[in-house]
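Biologist: I'm new to this one, so can you walk me through how the labels are earned?

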Amino acid sequence: MASRTTTAGKESDGHAPIRVVVADDSFLVREALKHVLAAEDGIEVVAACNDRDSLMLTVEAQHPDVVVTDIRMPPSERDEGLQVAKALRATHPKIGVVVLSQYADPRYGLALLDDGSDGRAYLLKERIQYRGQLVAAIEAVAQGGSVVDAKVVEGLIADRRRSEHSPLADLTPRELEILAYVARGFSNQGIADDLVLTKRAVEKHINAIFLKLGLTEATDVSRRVKATLIYLADSDRR
């Protein structure tokens with residue numbers, strides 16, 4: 001459901017205000033957004049919605065400059081904000097989108113930027129209380145720029161550091177693929193059959209894996225177990 005909420009005639013320096021539609025399934029968050037943005041010259045909240053479908057209908061009706069949306073809303077409570085951003089990229093490429101989320105997981109930020117970073121921002125919901133950061137993001141996407149929350153950037157850097165220090169970092173893509181089979185309990189012959197390789201080729205890859213992981217002095221069974229544990233431990237960190 002969408003509710004109309006405008007502050008008609010609000011302008012900044014003689015320029016037309018940035019017309020914004022906000023969307024969140026929480027009434028309190030919607031009201032907080034409206035309250036924060038109402039105090040800002042140059043921004044006009046023209047409507048508020050509580051789910052993805054009403055948001056898309058409101059965009060068609062209001063033609064806003066920017067959409068500020070929660071990442072999770074009805075109907076599925078999964079990634080509706082990302083869905084909206086993707087859809088608008090195709091149908092209304094000039095509309096900026098600010099996705100608000102309580103999740104600092106870098107994967108969400110990267111998913112938002114999959115189709116390009118122009119006119120897209122990813123902010124943590126806690127930024128609502130810092131009007132300047134939210135307003136800066138709205139202004140940036142309205143002009144085709146992009147913003148990614150500092151905490152998300154920190155997460156990306158941390159992920160990269162973990163990746164660089166991962167014991168699996170030196171494995172080739174094929175070796176990682178074969179190690180995944182080992183972790184699932186496949187025999188060398190089973191791996192060969194599934195990947196259409198010779199058993200000898202698989203054995204060479206596995207010996208290379210053992211060498212790169214420093215598993216050189218143990219029985220094959222023990223090394224397979226240790227390699228599996230390393231693989232699973234690294235996967236848990238990702």
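**Labels and the values behind them**

Modeller: Let's start with Arg224, whose side chain comes within 2.8 Å of the backbone oxygen of Phe186. Keep in mind that this is a predicted model.

Biologist: What makes the link between the Arg224 side chain and the backbone oxygen of Phe186 a polar contact?

Modeller: The cut-off for a pair of N or O atoms is 3.5 Å. The distance here is 2.8 Å, so the pair falls within the cut-off. Arg224 sits in helix α10, residues 220–237. Leaving out residues up to four places away in sequence, Arg224 also touches Val182, Phe186, Ser187, Asn188, Ile191, Ile206 and Phe210.

Biologist: Why is Gly155 called buried?

Modeller: Buried means under 20% relative accessible area. Gly155 has 17%, so the label fits. Gly155 belongs to helix α6, residues 150–164. Its C-alpha is 7.2 Å from that of Ala104, though the two residues are 51 apart in sequence.

Biologist: And what makes Glu77 partly exposed?

Modeller: Partly exposed is the band between under 20% and over 50%. Glu77 has a relative accessibility of 35%, so it lands in that band. You'll find Glu77 in the loop between β4 and α3. Its phi is positive, near 60 degrees, and it isn't a glycine. His63, in the loop between α2 and β4, is another non-glycine with a positive phi, about 50 degrees.

Biologist: Which peptide bond is cis, and what is its omega?

Modeller: That's the one from Pro74 to Pro75, where omega is near 15 degrees. Pro75 lies in the loop between β4 and α3.

Biologist: How do you know that the span of α5 agrees with what a helix should have?

Modeller: Take 1.5 Å times one less than the number of residues. Helix α5 has 12 residues, 131–142, so the expected span is 16 Å; its end C-alpha atoms are 16 Å apart, which agrees. After α5 comes Gly144, with a positive phi near 90 degrees.

Biologist: Which residues of α5 are buried?

Modeller: Leu134, Val135, Ala137, Ile138, Ala140 and Val141. Nonpolar side chains in soluble globular proteins tend to be buried together. The largest nonpolar core here has 22 residues, and Val20, Leu37, Val68, Val98 and Ile138 touch the most other members. Its biggest contributor is α5, with five residues.

Biologist: What does Ile138 contact, apart from neighbours within four places in sequence?

Modeller: Ile18, Val20, Leu37, Ile43, Val66, Val68 and Val98. There is also a second, separate core of 21 residues, with Ala85, Ile95, Val97 and Leu112 among them.

Biologist: What makes β2 and β3 a pair?

Modeller: Pairing takes at least two bridges. Strands β2 (residues 18–23) and β3 have six, in the parallel sense, so they count as paired. Val22 is opposite Ala48 in β3. To get from β2 to β3 the chain passes through helix α1, residues 27–38, in a right-handed β-α-β crossover.

Biologist: Why is β3 described as mostly covered?

Modeller: Seven of its seven residues, 43–49, are buried, each therefore under 20% relative accessible area.

Biologist: How many helices and strands are there, and how much of the protein is buried?

Modeller: There are 10 helices and seven strands, and 41% of the 238 residues count as buried.

Key. Residues are numbered from 1 along each chain as its sequence is written. This is a predicted model: local features need pLDDT of at least 70, side-chain atom pairs count only at pLDDT 80 or more; totals for chains, interfaces and linings use all residues. Side-chain values use heavy atoms; hydrogens and water are left out. Helices (H or I, at least four residues) and strands (E, at least two) are DSSP runs, numbered from the N terminus. Buried means under 20% relative accessible area, exposed over 50%, partly exposed in between (1.4 Å probe, protein chains only). A crossover is right-handed if, with the strands pointing away from the viewer, the path from the first strand over the helix to the second runs clockwise. A nonpolar core is a set of buried Ala, Val, Leu, Ile, Met, Phe, Trp, Tyr and Cys residues joined through side-chain atoms within 4.5 Å. Contact means heavy atoms within 4.5 Å. A polar contact is a pair of N or O atoms within 3.5 Å; within protein, one must be able to donate a hydrogen and the other to accept it, and residues adjacent in sequence count only if both atoms are side-chain atoms.
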